[in-house]
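Please read the points below alongside the model, taking them one at a time. They deal with an internal space and with the pairing of a strand.

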Amino acid sequence: MTSSPRSDAPSAVLKTTRETAIWGYFPTDRMPVLTVESGTVVRIDAINQFGVSAPEGPVAYFEALGVPAEEVLPELAEVAKNPRPAGSSGHILTGPIRIEGAEPGDVLEIRIMEVAPRVAYGVNSTGPGAGVCGDLLDTASTRLLRLDEGDQYYSFAGGFKVPFRPFMGIMGVAPPTSAGLVSANPPDRWGGNLDFRDLTAGSTLYLPVFQPGGMFYTGDSHGAQGHGEVDQTAVEHSMSLTARFIVRKDVSLRYPRAENDTSIWCMGIDEDLDVALQIAVREAVAYLVETTKGALTTADAYALCSIAVDFVVAEAVDGNKVIVASIAKSLLP
């Protein structure tokens, strides 16, 4: 699905401000904060939401965790002043970016070129009622994790070193108008809170388009996460995303799809984990039949999924679950 590359230098920069940021929902009628042509490389200086909604304010929140005030991004306090609509999640989204020429039925290709830290630390926070084992803890547990000087790992308790693998937890387009007010918490066909840890630099995400211009949003940036994000949070860490946005009129999708140099990823998304798995299987079967131009029958593709394709729980804690079918490119003829 990859198209021809162009210059990799960003030709537009979108900063997160009170005007470019919103609390966690995907409006269908918000005016674009940036408009670009298909093929444009954009750097988005996003923020992670942690500390923004703290009653004491983000500076005091991070100071209590050992972060000097001068290391706290000033836009956190500014964005905190924005009203939070009922039904929105606690995420901070930057956008939307309108990509000229994108129309409903098209696909938006997002080539992820770089995800770079804006500060040297992130937060993981959990507690009673959080994650997939809500009864596991009796008290809240919040920890600050700092990157080493080479941005290779986070130091963790007990001498563990957690590899730094930054990605954007939320990348999505505006949903269909019929969906109403859509919280950014559950992922869906328009992407959103996919929390798929393999969407790092060098990967490409494909999203079906539902509104003119696509209207792309991002946020919830992470420095590291295991598949599933089982305690409710990753390493919540403010990042800059550099990506190329390409309108694709030669393909169509029902659900998000992604790839890197070694794998194709077909996604299934639903509140029910079993249904999400069924969707991922159907998406993978359809991809294998399509990519082989019918050389594989549906029965062939179903069998191949069973014996050679991995199905991974990418997201298990945000309402809808995400199952990813991982198809090795080396498997393809």
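1. Which strand gives the largest share of the lining of the largest cavity? In this predicted model, that share belongs to strand β7 (residues 121-126), which contributes 3 residues to the lining of the largest cavity.

2. As for the cavity itself, the count comes to 1 cavity of 30 Å³ or more, and the space in the largest cavity is about 90 Å³. A newcomer may find it helpful to locate the lining residues one by one, which are N48, F50, F62, L73, L76, V119, Y121, G122, V123, E236, H237 and S238.

3. The character of this lining can be stated by residue class, since the residues that line the largest cavity divide into 7 nonpolar, 4 polar and 1 charged.

4. Turning to another element, strand β6 (residues 107-117) has 8 of its 11 residues buried, and therefore the strand is largely enclosed by the rest of the structure. Buried here refers to a relative accessible area under 20%.

5. Strand β6 pairs with strand β15 (residues 239-248) through 10 bridges, and the two run in the antiparallel sense. Within that pairing, L108 can be found opposite V247 in β15.

6. Strand β6 is also joined to strand β13 (residues 204-208), again in an antiparallel arrangement, by 5 bridges. Here V107 is the residue that stands opposite P208 in β13, which offers a convenient place to begin tracing the pairing on the display.

Note on methods. Residues numbered from 1 in each chain as written. Predicted model: local features only at pLDDT ≥ 70, side-chain atom pairs only at ≥ 80, totals over all residues. Heavy atoms only, no water. 1 Å grid on protein atoms, 1.4 Å probe; cavity = no way out; pocket = protein on both sides within 12 Å on 5 of 7 lines; lining within 4 Å. Points joined across faces, edges and corners; volume = space filled by probe spheres on them. Helix = DSSP H or I, 4+ residues; strand = E, 2+ residues; numbered from the N terminus. Nonpolar A, V, L, I, M, F, W, Y, C, P; charged D, E, K, R; others polar. Buried < 20%, exposed > 50% of the residue type's maximum accessible area, 1.4 Å probe, protein only. Pairing = 2+ DSSP bridges.
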